Amino acid sequence: MLVNSYIKLNNNQHNNKNNTNFKGFYTSKNFYKLEKQLYNNPNITKTDVTTIKNSIEAFEALNRAINKGKISANQISDQMMKKYNIPTEFHGDAFVAASAALTSNIMKKLGLVQPNSVSKAFIGDGIAGMCGIFTRDVRLSSSINWAKDAQDIAINDKLSNFSSSGHFLSTPVHEYMHSVHMNNLTDIQKKDKVQPLFPQHDIRLRGGQNLPAGNIKQTISQNVSNYGSTKPVEAFAEFTSKIICDNLNNDKQLLPKDYTIFKIFGQPVDYIIRDFWSGNFSKYV
Ligand SMILES: [Zn+2]
């Protein structure tokens, strides 16, 4: 199915077996234990450590709010319909609902298009999230206990260089950015002729083809993530989701802290997409 062309696999299938599982250390109180080990990993920069620290604090705050009964999936569904006109189905999962709402708020802040729908659904084992190529509907896996494991999965994916960010919101942000990308590709193609990397077939489908082995793939793998190096669409989603996650603060609103990010996602977003589309990654990685 076409819709399966755009997926983000979770680390269960791809995690580097040599990595220690840090489960149990992921609290803000004993963060120093994790921090030490993060710095020993060649895939982790100082920015990544800060992002993970902020993420853990936000993750804990969100779980505290849920445990106190302050967050209701149904209420969030109503708000997302009212505020953004997005139909949602969270099956009562307050954590997934809150993650979607936070990600929608970030999109709104950045002036980016919202997906057409968001749901928690069964999308296959080992797949964390996906976004429909044409429908731009975002789905988050019902096979994952997000409230419990989202932070651990994100850190392990980052440690193995499978994904670009260790933030617990990296999966929804990644999927939302597919939606942004798909929406913009069509507009750009209409506005002017982009010389694409793969000059055949429909413009959306081409981005879903595998990147050929070579310098571009290697550079993306080293500087963005392994998953980003699989396809042009994944390069875009991984690159942009890292920028966003590195710019989130640690309170439960998770709004962008650094307003320079607006410059990146204002008008120039078209150029980023255009560059990624044509395989011109050099200035980003
Ligand atoms: Zn993806």
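What percentage of the 285 residues in the chain is buried?

**Figure 1. Overview of the predicted chain, with its helices and strands.** This model is a prediction, and in it buried residues make up 44% of the 285 residues in the chain. The chain contains 12 helices together with five strands. If one takes the contacts whose partners have a separation of 6 or more, 67% of them join residues that are 24 or more positions apart.

**Figure 2. Close-up of helices H2 and H3 where their axes cross.** Helix H2 covers residues 31-39 and helix H3 covers residues 46-67, and their axes come within 11 Å of each other while crossing at roughly 155°. Because angles over 145 degrees count as roughly antiparallel, this crossing makes H2 roughly antiparallel to H3. The handedness of the crossing between these two helices is right-handed. On the side of H2, the residues that take part are Phe31, Glu35, Leu38 and Tyr39, and they meet Val49, Ile52, Lys53 and Ile56 in H3. Sorted by class, the residues of this contact between H2 and H3 comprise six nonpolar and two charged ones, with no polar residue among them.

**Figure 3. Close-up of helices H4 and H5 where their axes cross.** The axes of H4, residues 73-84, and H5, residues 94-110, come within 9 Å and cross at roughly 20°. Since an angle under 35 degrees counts as roughly parallel, H4 and H5 are therefore described as roughly parallel to each other. H4 passes H5 in a crossing that is left-handed. H4 contributes Ala73, Ile76, Ser77, Gln79, Met80 and Tyr84 to the contact, while H5 contributes Ala94, Ala97, Ala98, Ala100, Ala101 and Ser104. In this contact of H4 with H5, nine residues are nonpolar and three are polar, and no charged residue takes part.

**Figure 4. Close-up of the largest nonpolar core.** This core holds 54 residues, of which Val96, Ala97, Ala98 and Ala101 touch the most other members. Helix H5 supplies the largest share of the core, namely 10 residues. When residues up to four places away in sequence are left out, Ala98 touches Leu62, Ile71 and Ile76.

**Figure 5. Close-up of Asn54 in helix H3.** Asn54 has 21 other C-beta atoms within 10 Å, and because a residue with 20 or more such neighbours is classed as buried, Asn54 is buried. Although Asn54 and Phe168 are 114 residues apart along the chain, their C-alpha atoms are separated by 9.9 Å.

**Figure 6. Close-up of Asn85 and Asn161, each with a positive phi.** Most residues other than glycine have a negative phi. Asn85, which is not a glycine, nevertheless has a positive phi of about 60°, and the phi of Asn161 is likewise positive, with a value near 60°. Asn85 is placed in the loop between H4 and strand E2 (88-89), whereas Asn161 lies in the loop between helix H6 (146-159) and helix H7 (170-191). Is each of these two residues buried or exposed? Asn85 is exposed, with 9 other C-beta atoms within 10 Å, while Asn161, which has 22 C-beta neighbours inside 10 Å, counts as buried.

Note on methods
Residues numbered from 1 in each chain as written. Predicted model: local features only at pLDDT ≥ 70, side-chain atom pairs only at ≥ 80, totals over all residues. Axes fitted to C-alpha atoms, helices over the stretch in contact; angles between N-to-C directions. Helix = DSSP H or I, 4+ residues; strand = E, 2+ residues; numbered from the N terminus. Parallel < 35°, antiparallel > 145°, perpendicular 65-115°, else oblique. Left-handed = near helix turned anticlockwise from the far one by under 90°. Contact = placed C-beta atoms within 7 Å. Nonpolar A, V, L, I, M, F, W, Y, C, P; charged D, E, K, R; others polar. Buried ≥ 20, exposed ≤ 12 C-beta atoms within 10 Å, placed from the backbone. Core = buried A, V, L, I, M, F, W, Y, C linked by C-beta atoms within 7 Å.
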